[in-house]
Amino acid sequence: MKQAEKKDVNTVREKSPGYGERQRRAPLYEHLDRHAQTHPHPFHVPGHKMGRSFDSAGIHRFSDVLPLDVTEISGMDDLHDPAGVIAEAQALAAEAFGAEETRFLIGGSTVGNMALIMSVCRPGDKILVQRNCHKSVFHGMMLARAHPVYIVPAVDPDSGVAAGIRREDVERALQVHPDAKAVFITNPTYYGMGIDLAKMAAVVHRFGIPLLVDEAHGSHYGFHSAFPLSAMQCGVDAAVQSTHKMTAALTMSSMLHIQGPRIDRERLARSLAILQSSSPSYLLMASLDLARRHLVHEAGQEWSELLPQLERLRERIRSLAWLELAELGPSSVYTTMDPLKLMLILRTDDLDGYGLQQLLEESSIYPELADTSHVLLAASSGTRAEDLHQLMRVLESLPCQSAQSSRRFAQAGMVSSSFLREQAMPIHEAMDAERISIPLEQAEGHIAGEMIIPYPPGIPLLAPGERIDAPFLQQLTELRKSRVRFQGVRDASLQTIQVVKYIRR
């Protein structure tokens with residue numbers, strides 16, 4: 001759909017009688033605020049008693065919110081069995097995001113991704129998974145004891161990073177694996193790249209199974225005409241959003257949106273009850289309530305002021321010979337790009353991505369991510385003109401010379417796109433098997449017993465159960481020389497690697 005043809009979700013929803021007035025409410029936050037104003041005598045947890053006992057050096061920072069940090073006392077409802085203000089807040093969120101049902105998440109999108117997989121898969125079931133998904137998707141398959149069928153993403157030739165997956169690859173995989181229970185994809189990617197979700201949903205639904213989407217970086221989608229359509233607008237069955245990432249909720253605050261008949265909602269509720277805390281944070285839930293109201297009534301104006309400034313920033317960046325921007329073009333393997341994401345591609349031998357990150361941070365500019373050839377910047381409705389001015393001031397002050405920087409660019413592309421390996425053992429079996437540590441140089445042919453996850457973005461380069469091959473070992477040997485930070489590994493130096501004991505081809 002062309003940009004000019006799109007309608008934002010508010011334009012559509014405001015035709016519903018009373019929508020705007022309903023969406024001005026924040027029932028959970030309002031109830032918490034009213035309760036605090038009664039100056040109650042709290043004989044319940046938490047122990048700070050609405051801020052009356054707290055660290056003296058930190059109280060000035062926390063004093064305004066501590067009275068809202070309560071528990072499931074009378075009138076506060078229960079996240080795991082909502083029937084009052086939480087249920088009302090979730091219903092308003094569902095209406096705003098175009099879902100039939102919305103569940104608040106207080107463990108980030110991680111718990112939503114895991115709960116979705118546990119709701120559609122039983123032990124031994126197959127699930128088609130985009131290989132460059134977040135690590136939480138892999139953890140969900142471990143918990144569900146599901147068998148992943150990985151689909152390798154397309155690699156964007158201009159930036160060298162993995163983007164989305166092709167519809168034809170999904171259709172072929174479903175023809176080979178007609179017993180798969182669901183398809184799980186990421187849209188948009190960490191870098192803001194996306195696919196045509198409506199067409200992907202149509203393909204998956206022809207096989208009678210649900211399309212599940214990790215939409216962690218797309219909670220703002222559909223709320224402004226400049227943004228791509230949301231997963232719910234595209235007919236996806238379930239989508240998990242990190243409401244804290246690109247919109248205004250507190251960190252760890254996320255939402256799970258559901259529509260249609262293909263998700264067992266009782267099973268999903270049970271999975272969420274298992275994975276989420278029995279003492280959910282009312283601060284986090286209230287921030288979701290307020291973030292939804294802010295999206296509907298205030299963020300649009302902020303974006304309308306910001307987006308022209310971002311475009312002017314892009315024009316100035318394009319004038320720098322040593323920098324490029326990831327942008328939609330004739331050779332792009334993705335169909336949408338988040339205008340709030342600025343992915344800088346370095347074309348110089350004077351500086352790598354980590355070096356640029358360091359220089360930016362010395363000027364109090366903190367990027368979202370850096371690797372050998374890229375720096376990712378994430379704007380939002382909270383980004384101000386002075387932020388963009390300071391960024392451009394630093395970029396224009398650097399005396400870098402244009403060059404191909406082919407070695408680092410190839411390495412960065414290899415980091416993002418090297419996902420095509422044999423799945424020699426189910427992921428949960430590899431994690432449960434007896435494992436040993438061996439020198440990295442001796443690992444060819446062995447089955448991986450641990451994840452190797454560059455963080456950020458948290459996408460495993462190697463997953464348990466995959467066969468370790470020579471190209472991957474070469475890639476990892478190169479990465480040891482860089483400043484990449486890894487999660488999931490026992491040996492952070494990557495001198496050794498965990499493999500499944502005695503199983504080798």
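User: Where does Met-50 lie?

Analyst: In this predicted model, Met-50 lies in the loop between α3 and α4, and its phi is positive, at about 60°, although Met-50 is not a glycine.

User: What makes a positive phi worth noting?

Analyst: Most residues other than glycine have a negative phi. Met-50 departs from that pattern with its phi of about 60°, and so does Asp-77, which is not a glycine either and has a positive phi of about 70°. Asp-77 is found in the loop between α4 and α5 (85-97).

User: Why is Met-50 called buried?

Analyst: The relative accessibility of Met-50 is 9%, and buried means under 20%, so Met-50 counts as buried.

User: Why does Asp-77 count as buried?

Analyst: The same cut-off of under 20% applies; the relative accessibility of Asp-77 is 15%, and therefore Asp-77 counts as buried.

User: What makes the peptide bond from Val-45 to Pro-46 cis?

Analyst: Omega for the bond from Val-45 to Pro-46 is near 0°, and the bond is cis; Pro-46 has its place in the loop between α3 (27-37) and α4 (59-62). Most peptide bonds are trans. A cis peptide bond also joins Asn-187 and Pro-188, where omega is about -5°, and Pro-188 lies in the loop between β4 (183-186) and β5 (193-194).

User: How do you know that Ser-287 is buried, and which residues does Ser-287 touch?

Analyst: Ser-287, which lies in helix α12, has a relative accessible area of 9%, and because buried means under 20%, Ser-287 is buried. Leaving aside residues up to four places away in sequence, Ser-287 touches Ala-249, Leu-250 and Ser-253, which means that heavy atoms of Ser-287 come within 4.5 Å of heavy atoms in each of these residues.

User: How many residues does the largest nonpolar core have, and which have the most contacts inside it?

Analyst: The largest nonpolar core has 86 residues, and those with the most contacts inside it are Trp-322, Leu-356 and Leu-395. Helix α12 (residues 282-297) gives the largest share of this core, with 9 residues.

User: Why is this core said to lie between domain 1 and domain 2?

Analyst: Domain 1 (307-397) and domain 2 (421-500) both give residues to the core, so the core lies between them. The centres of domain 1 and domain 2, taken over C-alpha atoms, are separated by 31 Å, while 7 residues of domain 1 are in contact with 5 residues of domain 2.

User: Which residues does Leu-395 touch?

Analyst: Not counting residues up to four places away in sequence, Leu-395 touches Ile-317, Leu-320, Trp-322, Leu-323, Leu-344, Leu-356 and Leu-360. Apart from the largest core lies another, of 33 residues, among them Leu-105, Leu-116, Ile-117 and Met-118.

User: How many residues line the second largest pocket, and what is the lining by class?

Analyst: The second largest pocket holds about 520 Å³ of space and is lined by 29 residues, of which His-134, Tyr-190, His-217, Lys-245 and Tyr-455 are the closest to its centre. By class, its lining has 11 nonpolar, 14 polar and 4 charged residues. Histidine is not named among the nonpolar or charged types, so His-134 and His-217 count as polar, whereas Lys-245 counts as charged and Tyr-190 and Tyr-455 as nonpolar.

User: Which elements give two or more residues to the lining of the second largest pocket?

Analyst: These elements are α6 (108-120), α7 (135-144) and α10 (243-246), and α6 gives the most, with 4 residues.

Terms used
Residues numbered from 1 in each chain as written. Predicted model: local features only at pLDDT ≥ 70, side-chain atom pairs only at ≥ 80, totals over all residues. Heavy atoms only, no water. Core = buried A, V, L, I, M, F, W, Y, C linked by side-chain atoms within 4.5 Å. Buried < 20%, exposed > 50% of the residue type's maximum accessible area, 1.4 Å probe, protein only. Domains from an automatic or database assignment. 1 Å grid on protein atoms, 1.4 Å probe; cavity = no way out; pocket = protein on both sides within 12 Å on 5 of 7 lines; lining within 4 Å. Points joined across faces, edges and corners; volume = space filled by probe spheres on them.
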